[in-house]
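Open the model in your viewer with the chain drawn as a cartoon, and keep a selection box ready. The stops below are meant to be followed in order, each beginning with something to select.

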Amino acid sequence: MDSDKAPFYSLFHFPCSRFSWPLLFLLFLLFTLITFLSLHISTTISLFSTTILSFQPDQPPTCSHFHRVVPRRKVVMSIEEFGGVGDGKTSNTASFRRAMRYMHDFRGRGGSQLNIPNGTWVTGSFNLTSDFTLFLEHGAVILASQDPKEWPIIEPLPSYGRGRERLGGRHISLIHGNGIRNVVITGENGTVDGRGRMWWELWWNRTLEHTRGHLLELMNSDNVLISNLTFQNSPFWTIHPVYCSNVVIKGMTILAPLNAPNTDGIDPDSSTNVCIEDNYIESGDDLVAIKSGWDHYGIKMARPSSNIIVRRVSGTTPTCSGVGIGSEMSGGVYNITIEDLHVWNSAAGIRIKSDKGRGGYVANVSISDIRMERVKIPIRFSKGSNDHPDNGWDPKAIPRFRNISISNVVSINSTKAPVLVGVEGSSFEGLCFKNITMIGVASSSEWHCQHVSGFVTDVFPVACPELLNNGNSSWCSPS
């Protein structure tokens with residue numbers, strides 16, 4: 001051979017002699033063992049990983065299933081494609097209305113989405129459509145027009161009979177929808193700013209001609225999601241779903257100056273299956289107010305608010321309550337759950353209010369796990385402001401209240417003990433108060449009770465006599 005070096009392939013050549021068979025057998029055993037161990041370790045790691053990934057701490061309860069998930073929209077366009085200019089000055093009212101007319105054609109045909117890019121987009125009122133998503137990108141601001149003519153006058157709600165503030169019609173909301181379904185209003189924490197000061201001044205100066213518009217009102221609509229946005233400076237109530245079903249309002253920030261009149265945060269009205277959770281609200285009125293029509297108009301329509309869950313809401317309102325029911329509750333309110341509420345520097349934590357002439361009822365209300373700091377009256381049942389839509393109201397229409405449970409409440413530095421004043425001729429019946437502590441209220445402070453009856457367990461300060469006769473209150477016993 002020309003070289004003493006063996007060919008490369010010879011390094012892997014084993015002569016088939018009788019002395020090589022044990023070596024081959026040992027190699028086969030080694031290969032089998034390595035394969036088995038590899039599969040076993042891989043399976044063990046896979047099972048371990050699956051176990052770790054599947055183990056999650058208890059998730060907080062949610063009612064977001066009220067909204068049925070919608071498919072991806074077939075058409076996605078930007079407001080810029082309809083001539084929009086986001087410079088904070090140019091009016092985009094025509095662009096928004098043109099976009100919505102175009103999007104309207106995709107109802108039931110795959111749906112549509114209108115994107116609002118980074119920028120400030122001035123606009124008057126515009127109407128949404130079905131199978132539609134309004135998406136505000138990061139840095140996007142929809143800025144309300146200051147021209148009242150771009151907030152047209154529409155008919156009053158039939159359950160109110162007139163504008164809530166003035167006779168006749170009312171201004172439409174900035175973002176409006178009627179008879180629509182499968183709607184999503186969301187984004188990357190974009191902002192809708194109602195620039196309400198112009199409207200507040202009309203109210204303060206008593207020069208308002210028609211009832212102010214909401215920032216967002218949806219009527220007769222189903223399957224709605226409103227999430228991950230900031231709504232601020234609404235002229236009137238901020239979010240108002242009325243005659244709606246299956247509505248989820250989640251992860252919203254709602255802001256208004258604390259002296260801005262009637263700037264309620266979220267007001268579900270004659271609606272069913274409404275989920276309000278994980279929201280932060282600062283306003284000049286109730287953070288959340290549950291309603292169902294006004295006096296004889298609400299009684300006639302008989303459209304109750306029901307199956308409403310308010311959960312993990314926090315905020316402040318110096319003049320009103322964290323969560324209120326009424327005073328417009330003439331169509332009835334029932335099956336309400338309010339839990340994990342955090343309220344501070346406010347006039348009231350929980351308030352239920354009504355009046356003679358309202359009629360209607362409030363029933364099956366569960367309120368629990370409430371934290372308050374520096375709230376003047378933590379729990380208040382009271383009359384409203386004795387206001388009526390017209391002379392057609394019936395003084396004999398007395399509201400009814402039953403089965404209202406309030407438990408696990410801690411209030412720090414409140415001014416007063418609970419004030420529970422019912423409506424003369426009616427009564428709050430079946431009240432249950434459990435595990436309620438007012439820290440900082442003098443032990444001599446007394447609950448003020450009138451036209452109420454019910455039961456208490458573990459409350460401080462000591463409750464009023466109307467609530468102390470709990471001999472037959474097994475449903476209100478300690479849990």
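Begin with the largest nonpolar core, which has 91 residues, and within it select Leu-114 and Phe-433, the residues with the most contacts inside that core. Keep in mind throughout that this is a predicted model. Staying on Phe-433 and leaving aside neighbours within four places in sequence, display its contacts, which are Ile-379, Phe-381, Ile-406, Leu-420, Trp-447, Phe-455, Val-456, Thr-457, Val-459, Leu-467 and Cys-476. A second, separate core of eight residues can be selected next, and Phe-236, Trp-237, Val-242 and Trp-294 are among its members. In soluble globular proteins, nonpolar side chains tend to be buried together.

Now zoom out to the whole protein chain, which has four helices and 31 strands. Of its 479 residues, 54% count as buried, and the accessible surface comes to about 22000 Å², with 56% of that belonging to carbon and sulfur atoms. If you draw the contacts between residues at least 6 apart in sequence, 76% of them join residues at least 24 apart.

Next, select the six strands of the open sheet, whose order is S20-S22-S24-S26-S28-S30 and whose pairing is parallel. Strand S20 (288-290) and strand S30 (448-450) each have a single partner strand, so they stand at the edges with one side lacking a neighbour in the sheet. Ignoring direction, neighbouring strands here are turned by 15° against each other on average. Inside the sheet, pick S22 (residues 321-325) and S24 (residues 348-354), which run parallel and are joined by four bridges; Ile-325 stands opposite Ile-352 in S24.

From Ile-325, step across to Val-365, which touches Ile-325 as well as Ile-336, Asn-403, Ile-404 and Ser-405, not counting residues up to four places away in sequence. Val-365 lies in strand S25 (residues 361-373) and is buried, its relative accessible area being 2%. Measure from its C-alpha to that of Ser-405, and the distance in this model is 6.2 Å, although the two are 40 residues apart in sequence.

Is Arg-311, the next residue to select, buried or exposed? With a relative accessible area of 9%, below the 20% under which a residue counts as buried, Arg-311 is buried, and its place is in strand S21 (residues 305-316). Show the side chains of Arg-311 and Glu-339 together, since a polar contact of 2.6 Å joins them. Beyond residues up to four places away in sequence, Arg-311 also touches others, including Pro-61, Cys-63, Ile-276 and Asp-278.

Move on to helix H3 (residues 197-204), where Met-198, Trp-199 and Trp-200 are buried and where strand S9 (170-171) is part of what covers the buried residues. Just after H3, Arg-206 takes a positive phi of about 60°.

The last stops concern backbone geometry. Most residues other than glycine have a negative phi, and most peptide bonds are trans. Asn-220, in the loop between strand S13 (216-219) and strand S14 (222-227), has a positive phi near 50° and is partly exposed at 38% relative accessible area. Asn-223, placed in S14, has a positive phi of about 60°, but counts as buried at 1% relative accessibility. Finally, select two cis peptide bonds: one runs from Gly-326 to Ser-327, with omega near 5°, and the other joins Phe-460 and Pro-461, with omega about 0°.

Note on methods
Residues are numbered from 1 along each chain as its sequence is written. This is a predicted model: local features need pLDDT of at least 70, side-chain atom pairs count only at pLDDT 80 or more; totals for chains, interfaces and linings use all residues. Side-chain values use heavy atoms; hydrogens and water are left out. Two strands pair if DSSP finds at least two bridges between them. Helices (H or I, at least four residues) and strands (E, at least two) are DSSP runs, numbered from the N terminus. Axes are lines fitted to C-alpha atoms, for helices over the stretch in contact, and angles run from 0 to 180 degrees between N-to-C directions. Buried means under 20% relative accessible area, exposed over 50%, partly exposed in between (1.4 Å probe, protein chains only). Contact means heavy atoms within 4.5 Å. Accessible areas come from the Shrake-Rupley method with a 1.4 Å probe; for residues, only the protein chains shown count as cover. A nonpolar core is a set of buried Ala, Val, Leu, Ile, Met, Phe, Trp, Tyr and Cys residues joined through side-chain atoms within 4.5 Å. A polar contact is a pair of N or O atoms within 3.5 Å; within protein, one must be able to donate a hydrogen and the other to accept it, and residues adjacent in sequence count only if both atoms are side-chain atoms.
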